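Reader: Hi! Could you walk me through this structure?
Author: Happy to, let's look at it together.

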Amino acid sequence: MTQDVKEIFGSPGGSLAAKVRTLGPSMTRSMHRVAEAVASDPAGCAALTVTGLAELTGTSEATVVRTARLLGYPGYRDLRLALAGLAAQQQSGRAPAITTDIAVDDPIADVVAKLAYEEQQTLADTAAGLDTAQLDAAVGALAGARRTDVYGIGASGLVAQDLTQKLLRIGLIAHAHGDPHLAVTNAVQLRSGDVAIAITHSGSTGDVIEPLRVAFEHGATTVAITGRPDSPVTQYADHVLTTSTSRESELRPAAMSSRTSQLLVVDCLFVGVAQRTYETAAPALAASYEALAHRHRTSPR
């Protein structure tokens, strides 16, 4: 283990304290008071409601929520759960957890097995919760679309790129937009017969919601892929595809672990569209494969 990792995980609460120090310059004074409170007394703060923590730190409920989000949690409830887990670690003296089930001193073989199991559970939960009627409607819209725009930021942006390259390989016009300004300026050009897809685990990413709203208002069919079906992004979505709300940790935040379930939904969309457009999709896929085949052949010596 490197010295940096030891400093962060050497004692329970170290990673949270380190995060507070790192983010300190970007915090207001009131946010810093909240952050210092949760880092110095996770057990005490875990027992407080958002109102209680606001009163303790002489701030507002809105400041507490903003601080929780800056620290990497979707909201105060998620921060409070993390603080409770951290307090339990301090009381038990066990090794800090890298994920819910993986400790910092676990052998690598155990890490592999536990992560594989967690990925399987994420996929199973997503499949069980996916609304197939919504999925079928989204597939139909994609199959007949003049063009498809996909919005995603960060880890969700990688999923957006994965979907667009799949659609392109079967002859459909698709664009992935990770730049929020470009996303909005392109969304203005969409109309009835086009499709816009927003990918956001939290469902509250403004840079993804805004272009989807613009596309929705211009008549495009809109789809939201999100882990939170009651989140803001869904108010602009004709079809909502829900992913599993994966468990978070310091080194494996939701933005990373949720990608597994997002990719499953993307594959379901792609296969469904390929089925609907098989007569054109199959030749297009074969042509794209052939165009790249020479790059995979071993050159003769």
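**Surface, core and sheet**

Author: The protein chain exposes about 15,300 Å², and carbon and sulfur atoms supply 55% of that area (Shrake-Rupley method, 1.4 Å probe). This is a predicted model, where local features need pLDDT of at least 70, side-chain atom pairs count only at pLDDT 80 or more, and totals for chains, interfaces and linings use all residues. Residues are numbered from 1 along each chain as its sequence is written, and side-chain values use heavy atoms, leaving out hydrogens and water.

Reader: Thanks! And what share of the residues counts as buried?
Author: Of the 301 residues in the protein chain, 44% do; buried means under 20% relative accessible area with a 1.4 Å probe, protein chains only.

Reader: How many helices and strands are there?
Author: The protein chain has 14 helices and 5 strands, taken as DSSP runs (H or I, at least four residues, for helices; E, at least two, for strands).

Reader: In what order do the strands sit in the sheet?
Author: The order is β2-β1-β3-β4-β5, in an open sheet with parallel pairing; two strands pair if DSSP finds at least two bridges between them. At the edges are β2 (174-177) and β5 (239-242), each pairing on one side only.

Reader: Which residue is opposite T242 in β5?
Author: That's T226. Strand β4 (residues 221-226) runs parallel to β5, joined to it by 4 bridges.

Reader: Cool, and which helix packs on the sheet?
Author: Helix α12 (residues 206-217) does, touching β1 (148-151), β3 (195-199) and β4; contact means heavy atoms within 4.5 Å.

Conventions:
Buried means under 20% relative accessible area, exposed over 50%, partly exposed in between (1.4 Å probe, protein chains only). Axes are lines fitted to C-alpha atoms, for helices over the stretch in contact, and angles run from 0 to 180 degrees between N-to-C directions.
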